[in-house]
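These are my notebook entries on one protein model. I record what I looked up, entry by entry.

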Amino acid sequence: LVAEADPQQLWQGATAAAIGDKGYAYVVANDGNTLAVPAAISRDSSRSPAEFASVRAARNNAPSLRLYTGLEGRSALGYAVPVKALDVIAVAETPTNALTGLLLRQILLWLLAIALTALVGEWLVRRILQSVLKPLEALRQGARAVGAGDYKYRIRVPVNADRELADLGRAFNEMIIKLQESQEQ
């Protein structure tokens, strides 16, 4: 059985893949030898890609996303996937220092979203409380007025008041009318 693989195709595929601004990709043979590495990579020759956690996992036919010391000798987030048809492993790495800006941006966006949610939530709570507390304050003032003997006091129920509060206001006004009639008798 004879197969033909074009190393130029592998090289172009590896060097064309860029992950973010600082990420890179390369191709590793199943035995751990590097087949294609972008020229711009300053490779740490003391370590073999076969030692990388993601490459070891990919050799077992499982795609792997790991954090480890990468091809350049710096901390990197690496993703390795086996390419079974060519019996190679494609590896994409992004240095962690390139991810910190992205991570910081995401954290800031989350903090902004939380702050915005808190402000909107506080505004909604105040609005809801105000719509409930205003009619209750009117009832309290009415109770004080009636307690002081002012039977002409009536509660003005706002048009947009909740049905329950409007019913309570009407019931209170009816109670004042009955108290006034009882007092007159």
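**Entry 1. Charged pairs**

I began with Glu-164 in this predicted model. Its relative accessible area is 52%, so I entered Glu-164 as exposed, the threshold being over 50%. I then looked up its salt-bridge partner and found Arg-163, with the closest N and O atoms 3.7 Å apart. Arg-163 is also exposed, because its relative accessibility comes to 60%.

How many salt bridges does the structure hold? I noted five. Side chains of opposite charge can pair when their charged atoms come close.

I next took the salt bridge between Asp-167 and Arg-170, where N and O lie 2.7 Å apart. Both residues belong to helix 4, which covers residues 163–184, and they are three residues apart, so about one helical turn separates them. I recorded Asp-167 as partly exposed at 36% relative accessible area, and Arg-170 as partly exposed at 43%.

A further salt bridge joins the side chains of Glu-72 and Arg-74, with an N to O distance of 2.5 Å. Is Glu-72 buried or exposed? I found 17% relative accessibility, under the 20% limit, so Glu-72 counts as buried. Its partner Arg-74 has a relative accessible area of 39% and is therefore partly exposed.

**Entry 2. Overall layout**

I listed the elements next. The protein has four helices and five strands, and from the N terminus on they run α-β-β-α-β-β-β-α-α. Of the 185 residues in the protein, 27% are buried. I also looked up the contacts between residues at least 6 apart in sequence: 39% of these join residues at least 24 apart.

**Entry 3. The sheet**

What is the strand order of the sheet? I read it as 2-1-5-4-3, in an open sheet of five strands with antiparallel pairing. Strand 2 (34–36) and strand 3 (64–69) are the edge strands, each pairing on one side only. From one strand to the next, the twist averages 35°.

I then followed the pairings across the sheet. Strand 1 (residues 24–29) and strand 2 run antiparallel and are joined by two bridges. Within this pairing, Val-27 stands opposite Ala-36 of strand 2. Strand 1 also runs antiparallel to strand 5, and six bridges join these two. There I noted Val-88 in strand 5 as the bridge partner of Ala-29.

Strand 5 pairs with strand 4 as well, in the antiparallel sense and over eight bridges. Pro-82 is placed opposite Ile-89 of strand 5. I entered strand 4 and strand 5 as a hairpin with four residues between them. In that turn, Asp-87 has a positive phi of about 60°.

Why did I enter strand 5 as largely enclosed by the rest of the structure? Six of its eight residues are buried. I then looked up what packs on this part of the sheet and found helix 3 (residues 96–147), which lies across strand 3, strand 4 (75–83) and strand 5 (88–95). Helix 3 runs at about 60° to strand 5.

**Entry 4. Ser-64 in an edge strand**

I chose Ser-64, which lies in strand 3. With 3% relative accessibility, Ser-64 counts as buried. Which side chain makes a polar contact with the side chain of Ser-64? I found that of Arg-66, at 3.2 Å. Leaving aside residues up to four places away in sequence, Ser-64 touches Ala-53, Ser-54, Ala-57, Gly-78, Tyr-79 and Ala-80.

**Entry 5. Aromatic pairs**

I searched the whole structure for aromatic pairs, and two were found. One of them is formed by Tyr-24 and Tyr-26, with 6.3 Å centre to centre and 25° between the planes. I classed the Tyr-24 and Tyr-26 pair as stacked because planes under 30 degrees apart count as such. In a regular strand the side chains alternate between the two faces of the sheet.

Are these rings in buried or exposed residues? Tyr-24 is buried, at 4% relative accessibility. Tyr-26 is likewise buried, at 1% relative accessibility.

Technical notes
Residues are numbered from 1 along each chain as its sequence is written. This is a predicted model: local features need pLDDT of at least 70, side-chain atom pairs count only at pLDDT 80 or more; totals for chains, interfaces and linings use all residues. Side-chain values use heavy atoms; hydrogens and water are left out. Two strands pair if DSSP finds at least two bridges between them. Axes are lines fitted to C-alpha atoms, for helices over the stretch in contact, and angles run from 0 to 180 degrees between N-to-C directions. Contact means heavy atoms within 4.5 Å. Rings of Phe, Tyr and Trp (its six-membered ring) pair if their centres lie within 6.5 Å; planes under 30 degrees apart count as stacked, over 60 as edge-to-face and the rest as tilted. Buried means under 20% relative accessible area, exposed over 50%, partly exposed in between (1.4 Å probe, protein chains only). A salt bridge is a side-chain nitrogen of Lys or Arg within 4 Å of a carboxyl oxygen of Asp or Glu. A polar contact is a pair of N or O atoms within 3.5 Å; within protein, one must be able to donate a hydrogen and the other to accept it, and residues adjacent in sequence count only if both atoms are side-chain atoms.
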